[in-house]
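Work through the exercises below with the sequence and the model open. Try each task before reading its solution.

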Amino acid sequence: MKTVTMPNPANPNPTATPDRPFRNFKSLALAIGLALGQQIGAAHAASFDPNIVIKGSAEFDSTGSPSDPVNATQAGELTRIMAGVTTTTTLNGAAINGIDPLSGTLTSIGDGFGIKFNANGRSNSEPSIVNPLFGDYTMSLQNNSATDAFLVNLRFQFSYQVSATDSVRSTTDNGEFAKAQVTLHKEDGSELLFASGLSDAKQGNQQFLFTNNLVNAASGLGGTLSDSGFMILSFLLNPGQLLNLGDGSPEVLLQGRADSGLFGSEVNTLITVDSVVKQNSQTVPEPESLMLTAIGLLSLFAAKRRSNPLAG
């Protein structure tokens, strides 16, 4: 698992490269409000075709994070849902309680993995700092059938909210900011989803909505920014095909800082199996369909002849 070093948006290194350009992608669903706290119930845990093997994991990137917060609080949670049974690993400060990463093989509709973080800080005589918290997803989709193709639909849903308030305007401190970011890529690096929000009380806000990540949708200094939505990710797996999601970089990011004010931030993500559908090997019209088509063409030809009696 790669560790990504993120520059501090409130005090960037002038030699660092700016945030990467936001590549366009076609959204597969409109953004909607979510209540990610609701769990997928066991009633939805119907097993899918055993020829499809879906393995995955959710992980706190413990190589580079989490580190101890400074005059702040931070928490997180990993979720694994297998056969409708939910297992969690928690983060409190820098302490991880449970298995990290949470991994396993998904066998039922509604199975999946989740990552969420939250952090809050208020400066007193010293700055309040939450260094970048990273969450990583991996997922592989394998079709073991030698003859059949399958359409696998995954549901990826997320929400975030960030807020920063500067109590004392100053040109000597680093100001206040809170940042959340959610991304999802294939193994080859091609982007499936990108959403980011930065509430910055000193240098200005930035927000790139997942429905349009080419344009900064935010303005002003600090305050509250939020976004939420879901995508249905459809993958057609031919016989024997293997597909991997996750390019080794973190999919979930949260951080914040306050020098003379306060900040708060949270991010919630969940990826689950939405459906697995066996595809027909070939689509051949039934004889009845061919007959109806022929009748329709003859009727159309007759109608044209009636409308033009002088025709041949």
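**Exercise 1.** Does Ser159 count as buried or exposed, and at what relative accessibility?

Solution. The model is predicted: local features need pLDDT of at least 70, side-chain atom pairs count only at pLDDT 80 or more, and totals for chains, interfaces and linings use all residues. Residues are numbered from 1 along each chain as its sequence is written, and side-chain values use heavy atoms, with hydrogens and water left out.

Step 1: recall the cut-offs. Buried means under 20% relative accessible area, exposed over 50%, and partly exposed in between (1.4 Å probe, protein chains only).
Step 2: apply them. Ser159 has 14% relative accessibility, so this residue counts as buried.
Step 3: place the residue. Ser159 is in strand S8; strands (E, at least two residues) and helices (H or I, at least four) are DSSP runs, numbered from the N terminus.
Step 4: find a partner distant in sequence. Glu266 is 107 residues from Ser159 in sequence, yet their C-alpha atoms are 8.3 Å apart.

**Exercise 2.** Classify the aromatic pair of Tyr137 and Phe156, and state which strands hold the two residues.

Solution. Step 1: take the criteria. Rings of Phe, Tyr and Trp (its six-membered ring) pair if their centres lie within 6.5 Å; planes under 30 degrees apart count as stacked, over 60 as edge-to-face and the rest as tilted.
Step 2: count the pairs. The structure holds four aromatic pairs.
Step 3: classify this one. Tyr137 and Phe156 are 6.2 Å apart centre to centre, with 80° between the planes, and form an edge-to-face pair.
Step 4: locate the residues. Tyr137 belongs to strand S7 (residues 128–143) and Phe156 to strand S8 (residues 150–165), so the pair ties together parts 19 residues apart in sequence. Both Tyr137 and Phe156 are buried.

**Exercise 3.** Repeat the analysis for Phe158 and Phe210.

Solution. Step 1: the ring centres of Phe158 and Phe210 are 5.4 Å apart and the planes stand at 80°, so this pair is edge-to-face.
Step 2: Phe158 lies in strand S8, while Phe210 is in the loop between strand S11 (206–208) and strand S12 (223–237), so the pair ties together parts 52 residues apart in sequence.
Step 3: Phe158 is buried at a relative accessible area of 0%, and Phe210 is buried with a value of 0%.
Step 4: ring pairs link Phe158, Tyr160 and Phe210 into a cluster.

**Exercise 4.** How many helices and strands are there, and what percentage of the residues is buried?

Solution. Step 1: the protein has one helix and 15 strands.
Step 2: of its 312 residues, 45% are buried.
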